[in-house]
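Open the model in your viewer and keep the selection tool at hand. The tour makes four stops.

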Amino acid sequence: MHKETVFDLIGIGFGPSNLSLAVRLAEEARTSKLAHCFVERQPEFGWHRGMLLDDCRMQISFLKDLVTQRDPKSRFTFINYLFERGRLNEFVNLKSFYPTRLEFHDYLRWVADAFDQRVHYGQTVTSIEPVFASKGSSEIDALRVFSSDDEGNERQRVARSLSVGIGGTAQVPEAFAALGPHNVIHSSAYLTSIDRVVGTGDRAPKKRVAVIGAGQSAAEVFVDLGRRFPHVDASLVIRSSALKPADDTPFVNEIFSPAYTDVVYAQSKDGRRSLIERFRDTNYAVVDRPLIEQIYEMLYLQNVADNARHRLLASTAIEAAVRAANGQIELTMRDGLNGHGRAERFDALVLATGYRRDTHLALLDGLAPHLGDALNEGDVARDYRLATPDHFKPRIYLQGCCEDSHGLSDTLLSVLALRSDEIAASLVEHASIDHPTNTNQTRNKDGVHMAFAI
Ligand SMILES: Cc1cc2nc3c(=O)[nH]c(=O)nc-3n(C[C@H](O)[C@H](O)[C@H](O)COP(=O)(O)OP(=O)(O)OC[C@H]3O[C@@H](n4cnc5c(N)ncnc54)[C@H](O)[C@@H]3O)c2cc1C
């Protein structure tokens, strides 16, 4: 017999989703007793650092921080962050609901710092395996979570529940996949790679860069290239006929309110899909109106100065991308209006082509044989719990990959405060803390120590 700690919950990833859950668990007596920890790939807390451009603003009100909608009296509100940083009065004078992303990142880090003891940074969760109730039993009552650090050192931990909050993974369209990473960067790595790819300084040679995509990140990168890299000629290549504004008008914005999750969830599969399609232009392939106006003015002023360094190539489909002998990338493009094709060479590409939300499938693959169809069919309960068969006791909560069932706010910050509340309530209902421990178990402050037959 071998005794090991069994956590009530392990959170995989420590971005805003699991950070919000950490706050929620800490703030109520019953949940603070749950033995829990988080495993995060990054060496320290970071929120989309690769796109932490210094002049970009939040696309959501600061009142939708990690806690306010659940408990405005929490010490982890954005307002208390401002207060403790000594900037509350000055922030009020800005008359804005939309802090810069840099400031919001600082807020998130300020919250994360309070949970340092709970987080194992620098460890990537690589796989998860079932733990059977006893030798020969088909009942699964815990999960073994494997992680490894940069040096390849492996750790394993056992838990009765998981909260998977691993965010999205860079989406690279097929046309660009074969080019390899050299001078092709995804927007998620923009700030960490752009200097290397285009060079910096007064003597940096001229470069031609194509930014691919019609969303907020593409627009932000396009403006940043114009602002900070005078030696770069940038082209923003979009399939649509114009940059379209994100609809953030108040009636439409109600789809991001926590109550709307119930509305979406109550629909049939087709109904949910249709709702999501109807409101797609709140989040996908759209740009904040002020940024569109900024881009228009930038192009106009370059035109006035007869120095057109930037171009918007609208209605342009990229049909092929190949690497030329000199290392440049040749894009074959077709004009959607007149059907004409042409080829152009660029020194670098920035792919602002969005994120895949299916990475949890690979992470949970080791459990797939025991999960029936739930995983592939995205069968998730209202409390974000993967619907598992009766013999599978551990609870797996999915955050950020339930857009199909819970609506467009699932990948955003909009419902975090209440989602973490719903998950915490579900955890309490089922965690071992509320059940008598069996004879093989003892509890201390770190978790339940349980004897396993292995
Ligand atoms: C540039 C940018 C700006 C955005 N701005 C806004 C905004 O203004 N408003 C808004 O509502 N939404 C915004 N979003 C949407 C964004 O998804 C949410 O803000 C938020 O990041 C979601 O939090 P999350 O914790 O679910 O995912 P993430 O923030 O992506 O965090 C996931 C974490 O999991 C870790 N991880 C991944 N895999 C593993 C693994 N195998 N093992 C261990 N750790 C792992 C990652 O390192 C990461 O820290 C923005 C997104 C981007 C890319």
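Start with α1 and α5: the two helices are oblique to each other, because their angle falls outside the ranges for roughly parallel (under 35 degrees), roughly antiparallel (over 145) and roughly perpendicular (65 to 115). Select residues 16-26 for α1 and 101-113 for α5. Their axes cross at roughly 45 degrees and come within 10 Å. Axes here are lines fitted to C-alpha atoms, for helices over the stretch in contact, and angles run from 0 to 180 degrees between N-to-C directions. Helices are DSSP runs (H or I, at least four residues) and strands likewise (E, at least two), numbered from the N terminus.

A word on the model. It is predicted: local features need pLDDT of at least 70, side-chain atom pairs count only at pLDDT 80 or more, and totals for chains, interfaces and linings use all residues. Residues are numbered from 1 along each chain as its sequence is written, and side-chain values use heavy atoms, with hydrogens and water left out.

Stay with this pair. The crossing of α1 and α5 is left-handed (the near helix is turned anticlockwise from the far one by less than a right angle; clockwise would be right-handed). Now show Pro16, Leu19 and Val23 on α1, and Leu108, Val111 and Ala112 on α5. These make the contact (heavy atoms within 4.5 Å). By class, the contact has six nonpolar, no polar and no charged residues. Ala, Val, Leu, Ile, Met, Phe, Trp, Tyr, Cys and Pro count as nonpolar, Asp, Glu, Lys and Arg as charged, and the others, Gly among them, as polar.

Next, select α7 (190-198) and α8 (216-228). They pack at about 45 degrees, with axes 13 Å apart. That makes α7 oblique to α8. Their crossing is right-handed. Tyr190, Leu191 and Ile194 of α7 touch Val221, Asp224, Leu225 and Arg228 of α8. This contact has five nonpolar, no polar and two charged residues.

Move to the ligand. There are 26 residues around it (a heavy atom within 4 Å). Ser17, Glu40, Gln59, Thr411 and Leu413 come nearest. Show the side chain of Gln42 too: an N or O atom there is 3.0 Å from a ligand oxygen. For Trp47, the corresponding distance is 2.9 Å.

Finish at Thr353, in the loop between β17 (348-351) and β18 (355-356). Leaving aside neighbours within four places in sequence, Thr353 contacts Gln171, Val172, Pro173, His186 and Ile212. The backbone oxygen of Gln171 lies 2.7 Å from a polar side-chain atom of Thr353.

Methods
A polar contact is a pair of N or O atoms within 3.5 Å; within protein, one must be able to donate a hydrogen and the other to accept it, and residues adjacent in sequence count only if both atoms are side-chain atoms.
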